[in-house]
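Here is a short tour to read alongside the model. Please keep the sequence and the structure in view as you go.

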Amino acid sequence: MQELYYGLTGYSTYDEYINSPEWKEKSTYIRGCKEWKCDKCGLQKRKKWIWKEVRPYFAEQVLVWDLKSLPIIQVHHLTYENVGNEKARDVQVLCLKCHKEIHNAK
Ligand SMILES: [Zn+2]
Ligand SMILES: [Zn+2]
């Protein structure tokens, strides 16, 4: 089982990696690339306007992803071969419902 995780760098188990700041950052990036949208059913997070300071004493409104909006979007590993060094084809972006369905089907 251990050789399954050869791609991990500095983490000894899958759980340790999944809970690491490194994966949090990477999975946020992956989900952002996919516009926080489920690959399977198309559910997507909403956007919201926020005030952003672009220079001192000057702010403008920008549209950003509302990460607190529903649905919950997660990253699913299609293969565990490259865990720690995932390629675009190794992962899928899914909403919580579709993600659960995939794991329950196995
Ligand atoms: Zn979905
Ligand atoms: Zn999964």
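## A positive phi after a helix

Let's begin with Glu35, which is exposed because its C-beta has 12 others within 10 Å, and a residue is called exposed at 12 or fewer. Please bear in mind that this is a predicted model. Glu35 sits in the loop between α2 and β1, just after α2. Its phi is positive, about 55°, although Glu35 is not a glycine. Most residues other than glycine have a negative phi.

The helix before it, α2, covers residues 21-33 and has 13 residues. From first C-alpha to last, α2 reaches 18 Å, close to the 18 Å expected at 1.5 Å a residue.

## Overall layout

Stepping back, the protein has three helices and four strands, arranged along the sequence as α-α-β-β-β-β-α. The C-alpha trace spans about 55 × 30 × 20 Å along its principal axes. Its radius of gyration is 17 Å, whereas a compact globule of 106 residues would come out near 13 Å.

Buried residues account for 13% of the 106 residues. Of the contacts with a separation of 6 or more, 47% link residues 24 or more positions apart.

## The β1-β2 hairpin

Strands β1 (residues 47-55) and β2 (residues 58-65) run antiparallel and are joined by eight bridges. One pair to look for is Glu53, which stands opposite Ala59 in β2. Strand β1 is hardly covered, with a count of zero buried residues among its nine.

Two residues lie between the strands of this hairpin. Tyr57, in the loop between β1 and β2, is another residue other than glycine with a positive phi, here near 65°. Is Tyr57 buried or exposed? Tyr57 counts as exposed, because it has 5 C-beta neighbours inside 10 Å.

## A cis peptide bond on the way to β3

Moving on to the loop between β2 and β3, you will find Pro71. The peptide bond from Leu70 to Pro71 is cis, with omega near 5°. Most peptide bonds are trans.

## β3, β4 and the nonpolar core

Strands β3 and β4 pair in the antiparallel sense over five bridges. Within this pairing, Leu94 in β4 is the bridge partner of Gln74. Why is β4 largely enclosed by the rest of the structure? Four of its five residues are buried, so the surroundings largely enclose β4.

The largest nonpolar core has nine residues: Trp36, Cys38, Ile73, Val75, Val91, Val93, Leu94, Cys95 and Cys98. Both β3 (73-77) and β4 supply at least two residues of this core, and the largest share, four residues, comes from β4. In soluble globular proteins, nonpolar side chains tend to be buried together. Trp36 is a good core member to follow: beyond its neighbours within four places in sequence, Trp36 is in contact with Arg31, Gln44, Lys45, Trp65 and Ile73.

## A closer look at Gln92

Gln92 is also placed in β4 (residues 91-95). Gln92 counts as partly exposed because it has 19 C-beta neighbours inside 10 Å, and a residue needs 20 or more to be called buried.

Setting aside its neighbours within four places in sequence, Gln92 is in contact with Asp39, His76 and Leu78. Gln92 and Asp39 are 53 residues apart in sequence, with their C-alpha atoms 6.7 Å apart in space.

How values were computed. Residues numbered from 1 in each chain as written. Chains lettered and ligands numbered in written order. Predicted model: local features only at pLDDT ≥ 70, side-chain atom pairs only at ≥ 80, totals over all residues. Expected span 1.5 Å × (residues − 1). Contact = placed C-beta atoms within 7 Å. Core = buried A, V, L, I, M, F, W, Y, C linked by C-beta atoms within 7 Å. Rg over C-alpha atoms; globule rule 2.2 N^0.38 Å. Pairing = 2+ DSSP bridges.
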